[in-house]
Amino acid sequence: QEGLIIAIDGPAASGKGTLARRLAAHYGLNHFDTGLSYRAVAKALLDTGQPLDDAAAAEEAARALDFRTLDREALSAHSVGEAASSVAVIPGVRRALVEKQRTFAETPPGAVLDGRDIGTVVCPDADLKLYVTAKAEVRAERRWQEIVAAGGKADYATVLADVERRDARDMSRADSPLKPADDAHLLDTSEMDIETAFLAATRLIDEVLAKKKTI
Ligand code: C5P
């Protein structure tokens with residue numbers, strides 16, 4: 001593989017999405033928030049009134065998905081995220097999406113991908129793997145702030161319960177559970193702002209780039 005591939009995994013509201021976007025811009029790489037692809041499959045089922053556990057329909061939607069048409073805004077609802085974690089347990093859905101994600105990762109000049117299984121399944125040979133996490137209370141607080149800032153109403157205890165339920169579902173599924181790859185660098189952002197996390201990540205990536213050049 002010629003391009004640079006950076007794999008970023010972690011639970012909801014860990015800060016991995018913001019970090020991935022900033023790193024991609026800084027290094028001139030493509031960026032893919034893979035959660036959007038699971039969200040799009042879930043939304044396709046919701047829109048047509050099909051149950052989220054209809055594996056055949058979900059697989060079909062995953063195969064038909066065109067990554068170029070993913071619309072972040074249309075997929076941002078909390079309910080779509082919840083539904084996404086239900087369709088994400090279906091092996092056929094994962095197989096179809098992972099194949100497209102790999103093609104994206106291998107497209108020059110390389111990419112930053114963020115999700116739950118990038119370092120473990122999608123890009124096991126990534127140049128650098130980060131596992132970004134934070135305490136559930138801190139992540140729930142961030143999510144709650146986002147909802148309120150966007151003019152929505154939310155109750156902190158409910159947001160925390162949702163975050164914990166989503167973590168449990170993503171970490172306990174049989175196919176590609178959320179967990180750090182053996183060779184991932186852990187980044188706990190509980191007491192770190194985005195700038196500090198960004199600087200820590202660039203230090204690691206710059207080391208990788210320096211090594212790549214000397215090979
Ligand atoms: O990150 P986001 O909240 O958009 O992800 C929605 C859901 O999609 C996650 O809770 C997870 O179940 C699923 N997902 C996944 N693998 C990925 C990215 C997301 O299973 N690589």
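How many bridges join strand β4 to β5, and in which direction do the two run? There are four of them, and β4 (residues 128-133) runs parallel to β5. One of the residue pairings can be named: Tyr131 has Leu186, in β5, as its bridge partner. Keep in mind throughout that this is a predicted model.

**The sheet**

Stepping back from that pair, the strands belong to an open sheet of five, ordered β2-β3-β1-β4-β5 with parallel pairing. The edges are taken by β2 (30-33) and β5; each has a single partner strand, so one side of each has no neighbour in the sheet. From one strand to the next, the twist averages 20°. On the helix side of things, α5 lies across β1, β2 and β3, and its direction makes an angle of about 145° with β3.

As for annotation, the unreviewed UniProt entry places "domain: Cytidylate kinase" at residues 6-196. Over that stretch the chain is 52% helix and 13% strand, with the end C-alpha atoms 18 Å apart.

**Two nonpolar cores**

The largest nonpolar core holds 33 residues, and Val41, Leu70, Val93 and Leu97 have the most contacts inside it. At least two residues each come from β1 (4-9), α2 (35-47), α3 (55-64), α4 (78-87), α5 (91-105), β3 (110-115) and α6 (118-122). Of these, α2 gives the largest share, six residues. For a closer look at one member, take Val93: beyond its neighbours within four places in sequence, Val93 touches Tyr38, Val41, Ala58, Glu59, Ala62 and Val87. A separate core of 20 residues lies apart from the largest one, with Ile6, Leu19, Ala24 and Ala201 among its members.

**Ser190 and its surroundings**

Which loop holds Ser190? The one between β5 (185-188) and α9 (194-214). Ser190 counts as buried because its relative accessibility is 15%, and the cut-off for buried is under 20%. Its side chain makes a polar contact of 2.6 Å with the side chain of Asp188, and also reaches the backbone nitrogen of Lys135 at 2.9 Å. Leaving out neighbours within four places in sequence, Ser190 is in contact with Thr133, Ala134, Lys135, Val138 and Arg142.

Further along, Thr196 sits in helix α9. Is Thr196 buried, exposed or partly exposed? At 38% relative accessibility, Thr196 counts as partly exposed. A polar contact of 2.5 Å links the side chains of Thr196 and Asp193.

**The loop between α8 and β5**

Arg173 lies in the loop between α8 and β5, and at 8% relative accessibility Arg173 counts as buried. What does the Arg173 side chain reach at 2.9 Å? That would be the backbone oxygen of Ser176. A polar atom of the same Arg173 side chain lies 3.1 Å from the backbone oxygen of Asp175. Setting aside neighbours within four places in sequence, Arg173 is in contact with Ala88, Val89, Arg94 and Arg116.

Ser176 is in the loop between α8 (156-172) and β5 too. Ser176 is buried, with a relative accessible area of 11%. Its backbone is worth a look as well: phi is positive, about 55°, although Ser176 is not a glycine.

Here are the polar contacts mentioned so far, side by side.

| Side chain of | Partner | Distance |
|---|---|---|
| Ser190 | Asp188, side chain | 2.6 Å |
| Ser190 | Lys135, backbone nitrogen | 2.9 Å |
| Thr196 | Asp193, side chain | 2.5 Å |
| Arg173 | Ser176, backbone oxygen | 2.9 Å |
| Arg173 | Asp175, backbone oxygen | 3.1 Å |

**Other backbone details**

Ala13 is another non-glycine residue with a positive phi, about 60°. Where is Ala13 placed? Ala13 is in the loop between β1 and α1 (16-27), and at 13% relative accessibility Ala13 counts as buried.

Finally, there is a cis peptide bond to check if you plan to set up this model: the bond from Pro108 to Pro109, with omega near 5°. Pro109 lies in the loop between α5 and β3.

Methods: Residues are numbered from 1 along each chain as its sequence is written. This is a predicted model: local features need pLDDT of at least 70, side-chain atom pairs count only at pLDDT 80 or more; totals for chains, interfaces and linings use all residues. Side-chain values use heavy atoms; hydrogens and water are left out. A nonpolar core is a set of buried Ala, Val, Leu, Ile, Met, Phe, Trp, Tyr and Cys residues joined through side-chain atoms within 4.5 Å. Buried means under 20% relative accessible area, exposed over 50%, partly exposed in between (1.4 Å probe, protein chains only). Helices (H or I, at least four residues) and strands (E, at least two) are DSSP runs, numbered from the N terminus. Contact means heavy atoms within 4.5 Å. A polar contact is a pair of N or O atoms within 3.5 Å; within protein, one must be able to donate a hydrogen and the other to accept it, and residues adjacent in sequence count only if both atoms are side-chain atoms. UniProt positions are given in the numbering used here, feature names are shortened, and annotations may be inferred rather than shown by experiment. Two strands pair if DSSP finds at least two bridges between them. Axes are lines fitted to C-alpha atoms, for helices over the stretch in contact, and angles run from 0 to 180 degrees between N-to-C directions.
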